[in-house]
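Visitor: I would love a close look at the empty spaces in this structure. Could you walk me through them, please?

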Amino acid sequence: METQKVVLVTGVSRAEGLGFETARQLGSAGFKVIISARDLVKAVRLSTLLQNENLDVVPLELDILSDLSVQNGAWEIENRFAQLDVLVNNAGGFYDEGGTALTQTFDYTQEALETNLFGTWRVIKAFVPLLEKSNSGVIVNVSSGAGSFKDPDFGLVAMTDVTAYGISKLALNGLTVKLANELKTKGILVNAVCPGFTATYAGTEAWGARPVEDGAKGIVWAATLPKNGPTGGFFRDGKPIEW
Ligand SMILES: NC(=O)c1ccc[n+]([C@@H]2O[C@H](COP(=O)([O-])OP(=O)(O)OC[C@H]3O[C@@H](n4cnc5c(N)ncnc54)[C@H](OP(=O)(O)O)[C@@H]3O)[C@@H](O)[C@H]2O)c1
């Protein structure tokens with residue numbers, strides 16, 4: 001019998017969010033799912049909701065901006081589960097609210113980079129040793145078409161605003177490629193996924209956002225790739241998209 005795989009999903013603080021739905025879909029696929037949030041109370045509340053659906057879910061406090069919090073999280077997972085099979089870097093944000101390269105503040109832009117790039121990077125550095133203990137380690141970086149040159153709706157060329165967010169996800173895509181190269185010899189797959197414009201905030205359906213179940217599917221696809229699956233790619237709905 002195959003042993004149950006363990007997945008960590010970051011940034012699961014809202015029932016409406018992609019992290020929560022990703023956790024639900026991975027739990028339904030048989031994973032033990034560790035859902036993490038910087039506010040443990042929120043992670044506990046949401047894990048209870050998923051446990052009530054008979055899913056194997058445990059909460060974890062993890063602030064991706066804090067070395068101590070991330071290191072504690074890695075120790076806790078090592079002590080409890082010995083290894084990690086899949087890491088879904090979902091935590092992120094900073095959508096600019098209209099900021100352009102000339103109007104957005106450096107403070108805001110630095111915070112966006114701290115979370116979307118360095119926070120994700122910090123988590124990866126801390127958890128790679130645990131992923132190495134899996135014989136099929138996978139990292140999924142939840143990125144965005146806003147960080148791509150070619151996305152016709154939200155991309156870097158298509159939009160003047162969404163500057164800090166777009167640049168932070170562009171950098172995250174670059175990190176994905178560098179890590180994929182470095183981790184090839186360790187058999188760990190690293191891919192970036194754009195979930196598409198997804199209705200995780202009230203009112204966004206009216207602007208064309210799709211249901212969260214659909215956005216999460218592409219993340220789950222990348223999280224469940226076979227050992228010989230692609231690495232260093234950028235995907236939406238299981239299909240490559242242009243950088
Ligand atoms: N929704 C879309 O249309 C869309 C499109 C493309 C990409 N994405 C990406 O998908 C991911 C999820 O977004 P979402 O739409 O589901 O929004 P969301 O619910 O706001 O998800 C973002 C999560 O990141 C968490 N987070 C932020 N800073 C953190 C930190 N320092 N430590 C730990 N957690 C932190 C937030 O927690 P707090 O509540 O504690 O702030 C929140 O749970 C993000 O990376 C986003 O960029 C979304």
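Visitor: Which element gives the most to the lining of the largest cavity?

Guide: Happy to help, and a word on the model comes before the tour. This is a predicted model, in which local features need pLDDT of at least 70 and side-chain atom pairs count only at pLDDT 80 or more, while totals for chains, interfaces and linings use all residues. Residues are numbered from 1 along each chain as its sequence is written, and side-chain values use heavy atoms, with hydrogens and water left out.

Your element is α3, which gives 4 residues to that lining. Helices here are DSSP runs of H or I with at least four residues, strands are runs of E with at least two, and both are numbered from the N terminus. A cavity is a set of points, on a 1 Å grid over the protein atoms alone, where a 1.4 Å probe fits but cannot get out; a pocket is an open set with protein on both sides within 12 Å along at least five of seven lines, and lining residues have an atom within 4 Å of a point.

Searching the whole structure turns up 1 cavity of 30 Å³ or more. The largest cavity holds about 30 Å³ of space, a volume being the space filled by probe spheres set on the grid points, which are joined across faces, edges and corners. Around the largest cavity you can find I34, V58, P59, L60, E76, I77, R80 and F81. Two elements give two or more residues to this lining: β3 (57-61) and α3 (67-81). By class, the lining has 6 nonpolar, no polar and 2 charged residues. In this scheme Ala, Val, Leu, Ile, Met, Phe, Trp, Tyr, Cys and Pro are nonpolar, Asp, Glu, Lys and Arg are charged, and the others, Gly among them, are polar.

Now turn to the largest pocket, with about 1,400 Å³ of space. Its lining has 48 residues, and G92, G93, Y95, Y165 and Y201 lie nearest the centre of the pocket. Here the elements giving two or more residues are α1 (18-28) and α5 (163-183), with α1 giving the most, 3 residues. By class, the pocket lining divides into 21 nonpolar, 16 polar and 11 charged residues.

The largest pocket is also the space taken by the ligand; a molecule sits in a pocket if more than half of its atoms lie within 2 Å of the grid points. The ligand is surrounded by 26 residues, with S13, R14, Y165, T200 and Y201 the closest.

Terms used
Near = heavy atom within 4 Å.
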